[in-house]
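Have a look at the model below. Keep an eye on how the strands pair and where the nonpolar side chains gather.

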Amino acid sequence: VGAFHITAEFSVASGVRRIEAVTGEETLDALYGAEARLSEIGAALKVGDAGEILTRLEQQTAELRELRRWAEAARAKAANDLAGELLENASDVGGLKYAEYVRRVASDEPDADAMRKLGDTLREREPKIVAVFASVTSDKATFFTFCGKNAVSAGVKAGDLVRRVSKIAGGAGGGKPESAMGGGRDPSKLDDALRDAREFVKEVATNG
């Protein structure tokens with residue numbers, strides 16, 4: 001058998017484990033290959049000694065965590081600033097605060113988390129808010145609707161609202177009274193959908 005180097009060890013059944021290894025000259029090949037990969041990693045990390053790789057990785061991991069914290073704080077501030085702007089420009093519709101936000105994006109998938117955080121910020125700051133957001137690409141529109149607690153009490157529910165706008169745009173949607181999401185395959189109907197949303201809010205809020 002000669003030299004023996006374990007390459008993998010894992011469970012294959014309850015109480016049974018499997019060990020995979022190389023032997024003989026293949027062991028040397030495996031070790032040489034591992035050494036070559038360490039050298040490549042060291043070069044990529046710009047360290048001259050393979051022993052410094054772990055230290056450099058720990059440094060870069062700490063830097064990445066800090067950058068993520070900074071990015072999250074920047075996103076939170078941007079969302080808070082945008083929420084303030086939307087509230088300032090919100091119109092009175094049937095005694096409720098109505099706001100729209102349309103974002104045109106190139107990617108196929110909207111940043112749903114960012115939209116939800118923005119909507120939640122609006123709901124927390126203004127209980128009378130009714131907000132309709134749209135993330136639009138060349139071939140579809142994704143809708144997000146949010147209603148504060150006073151708006152829900154007045155009969156305006158996010159789930160009902162998103163179903164209406166999504167249907168007009170050739171799609172469907174649904175969700176809770178406070179927040180909902182949907183989409184449509186025809187973004188050219190965006191203006192019609194938003195116009196209907198405003199009329200729906202006005203009708204429900206006015207008639208109770």
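## Strand pairs and cores

Strands E5 and E6 pair in the antiparallel sense, with seven bridges between them. This is a predicted model. E5 (129-136) comes before E6 (141-147), and a hairpin of four residues joins E5 to E6. Within this pair, Ala 131 stands opposite Phe 146 of E6.

E6 also pairs with strand E8 (residues 179-184). The two run antiparallel and are joined by six bridges. Here Thr 142 has Gly 183 of E8 as its bridge partner.

| Strand pair | Sense | Bridges |
|---|---|---|
| E5 and E6 | antiparallel | seven bridges |
| E6 and E8 | antiparallel | six bridges |

How covered is E6? Seven of its seven residues are buried. Both faces are covered. On one side sit Ala 141, Phe 143, Thr 145 and Cys 147. On the other sit Thr 142, Phe 144 and Phe 146.

Now turn to the cores. In soluble globular proteins, nonpolar side chains tend to be buried together. The largest nonpolar core in this model has 26 residues. Leu 96, Tyr 98, Val 130, Phe 143, Val 156, Leu 161 and Val 201 have the most contacts inside it. The elements that give two or more residues are strands E4, E5 and E6 and helices H5 and H6. Which element gives the largest share? H6 does, with eight residues.

Val 201 touches Val 93, Leu 96, Tyr 98, Val 130, Val 156 and Leu 161, leaving aside residues up to four places away in sequence. Another core, of 15 residues, lies apart from the largest one. Among its members are Leu 86, Ile 129, Ala 131 and Phe 133.

Notes
Residues are numbered from 1 along each chain as its sequence is written. This is a predicted model: local features need pLDDT of at least 70, side-chain atom pairs count only at pLDDT 80 or more; totals for chains, interfaces and linings use all residues. Side-chain values use heavy atoms; hydrogens and water are left out. A nonpolar core is a set of buried Ala, Val, Leu, Ile, Met, Phe, Trp, Tyr and Cys residues joined through side-chain atoms within 4.5 Å. Buried means under 20% relative accessible area, exposed over 50%, partly exposed in between (1.4 Å probe, protein chains only). Contact means heavy atoms within 4.5 Å. Two strands pair if DSSP finds at least two bridges between them.
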